[in-house]
Amino acid sequence: MNIQMATASSSLSQTQKKMDTIANNIANVNTVGYKSREATFQNLLTQTYANQTGEETEPGRITPENLRVGFGSKVGLTTLRNEQGSAQETGRDLDVMLEGENVYFRVQNGDAINYTRDGSFDIQNQNGVISLVTSRGNAVLDQNGNAFTFETNPSEVSISATGEMVATDANGNEQTSQLSIAKIDRPQALVNVGGNEFSLQNGELELVALDGEEFKTRQGFLEMSNVDLTKETTEMISTQRLLQFQSQAIKMADEMMGLANTIKR
């Protein structure tokens, strides 16, 4: 395989990964709390060919010497974009929108703690235990890191801007608790575990005890995805063109090799 074919084939496979990232963003344009991702590329190794005839023949040259031939590129990083998504009013008491940079609801998934921006909560009664859960059925945590439970089935729920929840049952009894909200210092360290939830890599820290200045909750609203459909569509078209160019480069390299093999002495 010659250099042209190797370069085009390696770049082709990596460009397909970018296309998959774009497709995933477009598919989740209406997903509550979804954060889009952006693929960035980096060059692979380059090889230098010493083709200089001498400094005397190139007076005033300011570009790098010799000829550098690359071997394509690869996806170096898939960046998580944390811009605030648009607000959608639902009027539902258990829908909570979280405003703030790099802040997430803490939820329980088995023995692990996950993080999500999806505030479409629900009340679940399982074996007599009434708890607050996410749309996936995972328990929402309170300020003490315990599963959010209710003593009685609430008939009315009020959530303040600081995340304080007051649940009132049919007899007028009130129960007050605080939603557990964490701030992630390095959001790029979040690992997507599916279902619009994230986990932290080993060694990464979270800040749980937050004041009301770092976040704000809005009851009766949901944060929609931050996907810019116009931008993603434009990126998809550009990436498709790049895939076509790389495929054409492979075809041309193959034709040149075939032509060289058919030359008769």
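**Exercise 1.** Compare the reach of helix α2 with its expected span.

*Solution.* Helix α2 covers residues 229–262, which is 34 residues. Helices are DSSP runs of H or I with at least four residues, numbered from the N terminus. The expected span is 1.5 Å times one less than the number of residues, and for α2 that gives 50 Å. From first C-alpha to last, α2 reaches 49 Å, close to this value.

The model is predicted: local features need pLDDT of at least 70, side-chain atom pairs count only at pLDDT 80 or more, and totals for chains, interfaces and linings use all residues. Residues are numbered from 1 along each chain as its sequence is written, and side-chain values use heavy atoms, with hydrogens and water left out.

**Exercise 2.** Find which residues of α2 are buried.

*Solution.* Buried means under 20% relative accessible area (1.4 Å probe, protein chains only). In α2, E232, T239, L243, Q246 and A253 meet this condition.

**Exercise 3.** Place S177 in its strand and list its contacts.

*Solution.* Strands are DSSP runs of E with at least two residues. S177 lies in β15, residues 174–178. Its relative accessible area is 16%, so S177 is buried. Contact means heavy atoms within 4.5 Å. Setting aside neighbours within four places in sequence, S177 contacts Q143, F148, G163, E164 and M165.

**Exercise 4.** Identify the residues that touch the most other members of the largest nonpolar core.

*Solution.* Such a core is a set of buried Ala, Val, Leu, Ile, Met, Phe, Trp, Tyr and Cys residues joined through side-chain atoms within 4.5 Å. The largest has 19 residues, and L132, M165 and L179 touch the most other members. Strand β7 supplies the largest share, 3 residues.

Note on methods: Buried means under 20% relative accessible area, exposed over 50%, partly exposed in between (1.4 Å probe, protein chains only).
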